[in-house]
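Reader: I am new to this structure and would like a close look at one part. Please take the salt bridges, and follow them into the loops and strands around them.

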Amino acid sequence: MGMRDRHWDQSLRVLLEGYAWLPGLRRSTGSDVVRTRVMGQPALGLCGPEAAQYFYDEKHVQRHGAIPSPVLSTLFGHGAVHTLDGDAHRQRKSLFLSLVTPDSIASLVSCVAAAWEDTVVGWRAGRAVVLFDEASRALTAGVRRWAGVPVETHDVADLAADLVAMVDGFATAGPRHWRARKARTRREAWLGSLVRQVRDGELDAPHGSALEAVARHRDADGELLDPHTAAVELLNFIRPTVAVCWFVAYAGHALHRWPQHREPLRSGGDFAVAFAHELRRFYPFAPFLGGRAAQDLTWQGEHVPEGSLVLLDLYGQNHDSRLWTDPYRFDPHRFVDQEIGAWDLVPQGAGDPHTGHRCPGEPFTVALLAELCTRLAHQDYDVPGQDLTISLSRIPARVRSGFVLSPR
């Protein structure tokens with residue numbers, strides 16, 4: 001069917017409906033493509049692998065100016081790689097890609113696994129713990145070691161709380177948002193100071209670490225990153241790693257609802273990777289991505305004005321029955337021995353991270369999840385009564401209780 005219009009501004013509905021907004025809008029119009037308005041601006045909502053290829057083509061859609069300032073002030077940081085296009089984006093992206101190697105991934109997994117074991121050792125039988133919180137601290141302890149960032153052990157909990165706050169507050173106007181802003185300001189100042197110390201020879205950054213890479217990186221203009229931007233990008237290594245705690249809590253939720261997956265998950269390997277992919281497909285994480293039309297364009301015969309917003313429906317695509325059989329059934333087996341197309345599974349974007357805006361940290365996320373979910377499956381615990389709802393109107397969604405477990 002052709003494109004349908006929803007001329008009135010949808011900003012309030014986005015806040016009220018969250019992940020369900022864009023899929024619902026498309027469903028109500030009977031089309032994968034809808035015109036609407038968001039934040040007082042014309043917007044085009046798209047969904048599907050072909051739409052993803054269109055969205056990730058820089059001749060069609062660019063990121064500069066598309067991410068709202070409140071999101072930059074909380075989640076990504078002003079001046080982040082996410083805001084760049086063209087050569088500037090590719091050169092900055094090379095900073096991240098330089099650390100996406102098998103050895104680096106294995107090192108991060110090893111650091112986080114060791115921190116996880118240190119965390120689990122402290123669990124006491126019959127004393128309830130919140131999986132979301134425990135995972136956030138273990139991930140923080142592991143990634144700060146991997147990144148070469150000096151943090152005293154007793155400060156890990158405070159750092160974890162700030163990193164979680166940055167993710168938790170990016171899509172709300174309330175107290176969560178202001179906590180996120182304060183957390184980002186605090187941590188950018190701290191990391192910017194560390195970068196200055198490395199450059200001045202006052203602090204040794206471990207060779208091959210993220211701290212060293214950020215401190216020494218030169219942008220497309222040949223200049224070192226200013227300390228603030230360097231801090232922003234260092235956080236863009238650390239913060240997404242800690243955000244994996246959302247999926248660890250989802251893993252607890254999934255194993256509680258579908259315990260038949262626990263035994264095969266204990267073996268790790270290919271099933272653990274498939275389990276990680278299904279977590280990312282099934283559970284809500286990023287609702288949609290936004291960019292701006294780079295020029296006057298057409299999509300499926302419809303006019304797309306230059307500068308208008310273009311929104312790619314990630315949650316809708318990950319639950320599209322045309323791509324996934326019985327999409328609201330949690331089934332890791334759908335990813336066992338199955339090749340995943342670059343434009344099909346899109347919880348962290350689509351396409352090739354080397355040439356486009358797809359998150360370069362996705363291999364880290366999958367490897368960490370496979371490791372931590374396997375370890376969780378080996379834990380012996382009870383699940384006390386609690387609120388296990390996951391509201392799709394909350395962005396980012398999370399298990400309301402954080403998933404409480406009681407070790408045996």
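Author: A salt bridge is counted when a side-chain nitrogen of Lys or Arg lies within 4 Å of a carboxyl oxygen of Asp or Glu. The model is predicted, so local features need pLDDT of at least 70 and side-chain atom pairs pLDDT 80 or more, while totals for chains, interfaces and linings use all residues. Residues are numbered from 1 along each chain as its sequence is written, and side-chain values use heavy atoms, without hydrogens or water.

Over the whole structure, the search finds 28 salt bridges. Some of them join up: Arg 26, Asp 32, Asp 313, Asp 320 and Arg 322 are linked in a network of salt bridges. One member of this network, Asp 313, has a number that falls within strand S9, which covers residues 309-313. Helices (H or I, at least four residues) and strands (E, at least two) are DSSP runs, numbered from the N terminus.

Strand S9 leads on to its partner. S9 and strand S6 pair in the antiparallel sense, and five bridges hold this pairing; two strands count as paired if DSSP finds at least two bridges between them. Within the pairing, Arg 292 has Leu 309 of S9 as its bridge partner. Arg 292 also has a bridge partner in another direction, since Gln 62 is matched with Arg 292 in S6. Gln 62 falls in strand S4 (residues 61-62), which runs antiparallel to S6 (residues 288-293) and is joined to S6 by two bridges.

A little before S4 in the sequence there is a salt bridge to look at. The side chains of Asp 57 and Lys 59 meet there, with an N to O distance of 3.3 Å. Lys 59 is exposed, its relative accessible area being 55%. For these labels, buried means under 20% relative accessible area, exposed means over 50%, and partly exposed is in between (1.4 Å probe, protein chains only).

Another pair spans a long stretch of sequence. Asp 168 and Arg 394 meet through their side chains in a salt bridge of 2.8 Å, N to O. Asp 168 lies in helix H8 (residues 156-168), whereas Arg 394 lies in the loop between S10 and S11, so the salt bridge ties together parts that are 226 residues apart in sequence. The two ends have separate labels for accessibility. Asp 168 counts as buried, at 8% relative accessibility, and Arg 394 is partly exposed, at 23%.

The loop that holds Arg 394 has further features in its backbone. The peptide bond from Ile 395 to Pro 396 is cis, with omega near -5°, and Pro 396 belongs to the loop between S10 and S11. Phe 403 has its place in that loop too. Phe 403 has a phi near 65°, which is a positive value in a residue other than glycine. The relative accessible area of Phe 403 is 0%, so this residue is buried.

The strands that flank this loop take part in a sheet. An open sheet of three strands has the order S5-S11-S10, with antiparallel pairing. Strand S5 (129-130) and strand S10 (381-382) are the edge strands, each pairing on one side only. In the pairing of S5 with strand S11 (residues 404-407), which is antiparallel, there are two bridges. One residue match in it is Val 130, whose bridge partner in S11 is Val 404.

A further salt bridge sits in another loop. The side chains of Arg 329 and Asp 326 meet at 3.0 Å, N to O. Arg 329 is partly exposed, with a relative accessible area of 36%, and Asp 326 is also labelled partly exposed, at 42%. Asp 326 lies in the loop between H15 and helix H16 (362-378). The backbone of Asp 326 stands out as well: its phi is positive, about 50°, although Asp 326 is not a glycine.

To gather the loops together: the loop between S10 and S11 holds Arg 394, which pairs with Asp 168 of helix H8, along with Pro 396 and Phe 403. The loop between H15 and H16 holds Asp 326, whose side chain meets that of Arg 329.
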